[in-house]
Amino acid sequence: MRGIKILGAGMYLPETVASNDWFSTILDTNDEWIYSRTGIRERRISESKPNWHMACEASREAIKNSGIDPSEIDLVLAATCSPDYFYPALSCIVQQQTGCVNAAAFDINSACTGFINALDTASRFLLDGDYRNILIVASERLAPHCDYTDRTASILFGDGAGAAVVTKNDKPMYSYLSAKGDFFNALYCKVDQSRLNCPLLKPDTMPEGLIDTEAKTHFMQMNGKAVYKFAVDAMETAVNKVLERSGLNKGDIDLYIPHQANARIIESAVKGLELPTEKVYVNLENHGNTSSACIPTCLAELSADGKIKDGMTICLVGFGAGLTSGAIIFTQ
Ligand code: COA
């Protein structure tokens, strides 16, 4: 039987705050519009610290809080869609920097659903007993991906990292993972190939449906309305599917932690699912959407406040580029 227990969680947010008022100095926007449409007041931007630095800071805190030695970690899983390097994997840098000398390491990229997919993967690695402790770190430096002339998308995102050390638990865990590649063009960011120098290379072919908008596709391209609609449906479906798999009722869940994309998306899904709002954790007002890092930063904040208790049943639900989505129910 699969089951996971969080031994320790950690997070890192860069110092620089980008408030809605700051956005109104660079774009035709204002606090009232942004807050009423998204629930976001401010987000952090990592001005000069790379993604790996944030990932390591969050990981160190998670390992410290877990009470185990880094050498006891058997696997480092990093979720990111904004790595500093194509290779090595972010997880390898984290492994080296945090002293997880005995750990294997690989990355998972499913954008904002990254932590859900990584936690699901971790639970399967823990099953056979070869892997006892797994560090999952989700870290995103999205500022370099965002187009700060695009007022629709850039205002949504922030930088940050969250991490958790997990081990096997004898209490059951259930998951539901999904991908709808039909909507891959709703949210994408192309690898920048503007500096290639092989004389044989020609402009590459993009999959049908992706548009090279004035060669700005190396910035995030988002169809906000399509993503919004998908997100509400995907969250409701994922929660219903995982509840069905678990045989639990909505009321059996002590805490819901949704991906923190937009307060209106969360509110719509919570209303559709008829969940009690006091059981739904939301922290996006001061963080913005930190993609895969949203859910583990919620876990880290809640853990620091002593709100993740043994025996609690927690439901995590996320969605993101792909378009991907998923939900997990586990008992701590
Ligand atoms: N400030 C002021 N006006 C803005 C604005 C901003 N930051 N961004 C867009 N607008 C304008 C638009 O230009 C449009 O003006 P128009 O009516 O004159 O054309 C108007 O506001 C309405 O735009 P619209 O796109 O309909 O807004 P919306 O209510 O759909 O909200 C999003 C836009 C992006 C906030 C919303 O669609 C959303 O949250 N989508 C999901 C995105 C997401 O979560 N992505 C990450 C997934 S992991």
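## Two domains, one ligand

Let's start where the two halves of the chain meet: domain 1 and domain 2 bury about 3,300 Å² between them, and carbon and sulfur atoms account for 64% of that area. Area is a handy yardstick here, because the size of an interface is often given as the accessible area lost when the parts come together. On the domain 1 side, Cys112, Phe115 and Ile116 supply 18% of the area buried against domain 2, more than any other three residues. Please keep in mind as you look around that this is a predicted model.

Where do the two domains run along the chain? Domain 1 covers 4–168, while domain 2 is made of two stretches, 174–183 + 220–331. Their C-alpha centres are 16 Å apart. In terms of contacts, 47 residues of domain 1 meet 40 residues of domain 2.

Now for the polar side of this interface. Between the two domains there are 18 residue pairs in polar contact, and the interface also holds 2 salt bridges. If you find Lys5 and Asp310, you will see a salt bridge whose closest N and O atoms are 2.9 Å apart. Which elements of domain 1 make up the side that touches domain 2? At least two residues each come from strand S1 (4–12), helix H2 (31–38), strand S3 (42–45), helix H5 (114–127), strand S6 (133–140) and strand S7 (160–168). Among these, H5 gives the largest share, with 7 residues. Sorted by class, this side of domain 1 has 22 nonpolar, 15 polar and 10 charged residues.

Next, turn to the ligand. How many residues surround the ligand? There are 22, and the closest are Thr29, Arg37, Arg151, Lys225 and Asn262. Two of these neighbours are worth zooming in on. Lys225 places a polar side-chain atom 2.4 Å from an oxygen atom of the ligand, and Arg151 has a polar side-chain atom 2.8 Å from a ligand oxygen atom. The protein backbone takes part as well: a polar backbone atom of Gly224 lies 2.9 Å from a nitrogen atom of the ligand.

Stepping back to the structure as a whole, the count of salt bridges comes to 11. One of them pairs Asp31 with Arg41, with 2.8 Å between the closest N and O atoms. What does this pair tie together? Asp31 sits in helix H2 and Arg41 in the loop between H2 and S3, so the salt bridge links parts that are 10 residues apart in sequence.

Finally, a few backbone details in the loops deserve a look. The peptide bond joining Tyr87 and Pro88 is cis, with omega about 5 degrees. Pro88 belongs to the loop between strand S4 (75–79) and helix H4 (90–98). A cis peptide bond also runs from Gly322 to Leu323, where omega is near -5 degrees. You will find Leu323 in the loop between strand S12 (313–320) and strand S13 (324–331). What is unusual to spot at Glu274 is its phi, a positive value near 55 degrees in a residue other than glycine. Glu274 is in the loop that connects helix H7 (263–273) and helix H8 (284–287).

Methods:
Residues are numbered from 1 along each chain as its sequence is written. This is a predicted model: local features need pLDDT of at least 70, side-chain atom pairs count only at pLDDT 80 or more; totals for chains, interfaces and linings use all residues. Side-chain values use heavy atoms; hydrogens and water are left out. Domain bounds come from an automatic or database domain assignment. Contact means heavy atoms within 4.5 Å. Buried area is the accessible area (1.4 Å probe) that two parts lose on being put together, summed over both. A salt bridge is a side-chain nitrogen of Lys or Arg within 4 Å of a carboxyl oxygen of Asp or Glu. A polar contact is a pair of N or O atoms within 3.5 Å; within protein, one must be able to donate a hydrogen and the other to accept it, and residues adjacent in sequence count only if both atoms are side-chain atoms. Helices (H or I, at least four residues) and strands (E, at least two) are DSSP runs, numbered from the N terminus. Ala, Val, Leu, Ile, Met, Phe, Trp, Tyr, Cys and Pro count as nonpolar, Asp, Glu, Lys and Arg as charged, and the others, Gly among them, as polar. A residue is near a molecule or strand if one of its heavy atoms lies within 4 Å of it.
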